[in-house]
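Open your viewer and get your selection box ready. We will go from one stop to the next, with a note on what to pick and what you will find there.

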Amino acid sequence: MEWNYESAENLAAALRAGDVTSAELTDGAIAAIERDDAAINAICVKDFDRARDAAREADRARPAARTGRCWAYR
Amino acid sequence: MTVKESYDIAGLPTTWGMPQYRDFMPAEDALQVSRLKAAGAVVLGKTNVPVGLQDIQSFNPLHGTTNNPWDHSRTSGGSSGGSAAALASGFGALSIGSDLAGSLRTPAHFCGIYSHKPSLGLVASRGMVPPPGPALPAELDLAVAGPMARTARDLALLLDVMAGPDPLTHGVAYRLELPPARHERLADFRVLVVEDHPYIPTGAAVRAGVQRTADALAAGGARVDRHSPLLPDLAESAELYRLFLFSGSVARFPVDELAQLRSRAAELSPDDRSLQAAVLRGMLLSHGDWMTANQRRELVRHQWRQLFAEYDAVVCPITPTPAFPHDHQPDPFKRVLDVDGTGYPYFDQLVWAGLPTMPGLPATAVPTGRSTEGLPVGVQLIGPMFEDRTPLKLAELLERETGGFQRRT
C-alpha cells in the first residue's frame with residue numbers, strides 16, 4: 001500500500017487500526033525523499049536517524065496512547 | 001512531517017539560508033516543534049527557504065534552489081517553498097511554515113497544496129527567530145507561524161496543535177477558545193469574491209481559478225457577491241502593508257545606503273502613492289510615522305469587522321500568476337513579473353498576500369485546479385479575526401467540489 005500521499009487524518013486512523021506502523025510510514029517517506037528529492041531539493045536538512053527512532057518510540061507507545069490526542073503518525 | 005528551516009530544532013542548525021550561520025545550533029526546540037513532538041509527530045527533516053526568508057522563491061547559498069514539483073524550471077514559491085514542494089512530492093503528510101508576505105500561501109498556490117495563515121497572535125512563534133536568536137516569546141507584527149497540508153481537514157487538525165498562547169507570556173492568564181465555524185454547509189455561507197486590484201492586474205490563469213471557486217460556491221448554494229462597498233480600499237491597504245513590511249525588513253536586516261535612500265525619499269512628491277514610494281517611505285519610517293500608519297491600520301481593521309458582519313469570507317487571488325520561472329537576479333527590485341505578457345515590478349505581486357496580513361486576518365490557501373499550462377492555481381479565503389475555523393471549514397467544503405490536492409502523475 002502506498003501511504004506517502006495519504007492525509008494525516010487517514011494515517012492516524014490506519015495507525016490506530018493497526019494497518020500500518022509509524023516505522024513503516026517513516027521508512028516509506030524516507031525512501032521517497034531519497035528517490036525523488038534530488039530533482040526537487042525540498043528537504044535541506046535530513047534528520048532520518050532521529051525520525052526512525054521517534055517512529056519506533058511512537059509504535060511502542062501507541063497502545064497506551066490510544067485514548068490521547070494522537071493524530072500524527074501515531 | 002517536515003519543518004521549515006527557520007524553526008529551531010535542537011541538534012540541527014538554524015541558518016535561515018545565511019552562510020554566516022551555517023554552524024549556529026539552537027539549544028532548544030521551537031515551541032511549535034515541541035508541541036508537534038508532544039502530539040506524536042515524527043520530524044523527517046527541515047525544508048528549504050530563501051536567504052533570511054526575504055523572498056517568495058526558495059534559494060540560498062547553503063542549500064541551493066528548491067524546484068517546483070510540477071515544473072522544475074519554475075519556483076516552488078517562498079519563503080515556505082521547501083515545505084510546499086515536500087507536500088506536493090509526498091514527503092510527509094504535514095509541514096509547518098511561516099508567513100510575513102505570503103510565505104505560507106504563495107508556495108501553496110504554486111505547488112497545489114493547502115496552507116493556513118492564522119490570525120495574528122493565535123500561534124506562538126518562540127523559536128522561529130533569525131539566527132543567532134535568542135528565542136524569546138515575542139509578539140510579532142504581520143508575521144505568523146502556520147500549518148501546511150494536502151487536505152483542508154489536516155490544516156484544521158494541525159492548527160489545533162499549534163494554536164494557543166506562549167506559556168511564558170499570555171498563557172499565564174489566557175486560555176484559547178476559538179469559536180466554531182459559522183456554518184457547516186456551503187449553502188449557508190455569504191462570500192465576497194474579489195479578483196481585481198488597483199496596483200497590478202490578475203492574470204488569466206488566476207482569474208480562471210477565482211471563477212472556478214465562485215462557480216463551486218454558487219453551485220453549493222452559497223451567496224456570492226462580486227462587489228461590496230464594505231470592502232476596505234485596496235490601494236490604502238496595499239500602501240499600509242508596504243510601509244509596515246519594509247520598515248520591519250530594514251529593522252531586521254539593515255541596509256547600508258540609508259543616506260542615499262533619504263535623499264531619494266526627500267525627492268518624492270507627497271502625492272506619490274505608488275508602491276515604489278511606499279517601499280522607500282517604509283524603509284525610512286520613524287516611530288512617529290509608524291504610529292500614524294498604525295492608526296490608519298486600526299481604521300481598516302474596523303472596516304473589516306463591518307464587512308464580516310455581512311460576509312463570512314472573502315475569496316481573492318494569492319498572487320497574480322501561477323509559479324513563475326526561477327529568477328535569481330540578486331537585486332529583487334530589478335526583477336520583473338510577467339503577467340500575461342506585460343512586466344510588473346516583482347514586489348507588486350505581494351499586494352494580495354498583504355491584504356489580510358496587514359490587519360492580521362486569517363487566510364486559508366486552497367487549490368482550485370490547474371492552468372492550461374498544467375500549473376496549480378490557488379486562491380485564498382480570508383476570514384474574520386480569530387474565526388480561523390470559518391475559512392478552514394469553507395476550504396473543506398470547497399475541497400469536495402473542486403477536487404483539492406492533485407497528485408502529479
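Before the first selection, one term: contact means heavy atoms within 4.5 Å. This is a predicted model, in which local features need pLDDT of at least 70 and side-chain atom pairs count only at pLDDT 80 or more, while totals for chains, interfaces and linings use all residues. Residues are numbered from 1 along each chain as its sequence is written, chains are lettered from A and ligands numbered from 1 in the order in which they are written, and side-chain values use heavy atoms, with hydrogens and water left out.

**Stop 1: chain A alone**

Select chain A, which has three helices and one strand; helices (H or I, at least four residues) and strands (E, at least two) are DSSP runs, numbered from the N terminus. Read from the N terminus, the order is α-α-β-α. Of its 74 residues, 47% count as buried; buried means under 20% relative accessible area, exposed over 50%, and partly exposed in between (1.4 Å probe, protein chains only). Among the contacts in chain A with a separation of 6 or more, 54% come from residues 24 or more positions apart.

**Stop 2: where chain A meets chain B**

Now show both chains. Here 36 residues of chain A are in contact with 45 residues of chain B. The area buried between them is about 3200 Å², with 61% of it from carbon and sulfur atoms; buried area is the accessible area (1.4 Å probe) that two parts lose on being put together, summed over both.

How many salt bridges does the rule find across the interface of chain A and chain B? There are two, a salt bridge being a side-chain nitrogen of Lys or Arg within 4 Å of a carboxyl oxygen of Asp or Glu. To see a salt bridge, pick Glu2(A) and Arg407(B), whose side chains meet at 3.7 Å, N to O.

Next, color the elements that give two or more residues to chain A's side of this interface: helix H1 (8-17), helix H2 (22-40), strand E1 (43-46) and helix H3 (48-65) of chain A. H2(A) gives the most, with 10 residues.

Stay with E1(A) and add strand E2 (residues 45-47) of chain B: three bridges join these antiparallel strands, and two strands pair if DSSP finds at least two bridges between them. Ile43(A) has Thr47(B) as its bridge partner.

**Stop 3: a hairpin in chain B**

Select residues 67-75 of chain B. E5(B) and E6(B) form a hairpin with two residues between them, and Asn67(B) stands opposite Thr75(B).

**Stop 4: an enclosed helix**

Move to helix H8 (residues 275-283) of chain B. Seven of its nine residues are buried, so this helix is largely enclosed by the rest of the structure. The buried residues include Leu275(B), Ala278(B) and Met283(B). They pack against helix H6 (234-252), helix H7 (258-266) and helix H10 (351-357) of chain B.

In H6(B), click Ser247(B). Is Ser247(B) buried or exposed? At 17% relative accessibility, Ser247(B) counts as buried. Its contacts, not counting residues up to four places away in sequence, include Gly282(B) and Met283(B).

**Stop 5: a loop proline**

Finally, find Pro165(B) in the loop between helix H4 (152-162) and strand E10 (190-193) of chain B. Pro165(B) is partly exposed, at 24% relative accessible area. Arg35(B), Ala124(B) and Tyr174(B) are among the residues that Pro165(B) touches, not counting those up to four places away in sequence. For a last distance check, Pro165(B) and Ala278(B) are 33 Å apart in space, C-alpha to C-alpha, and 113 residues apart in sequence.
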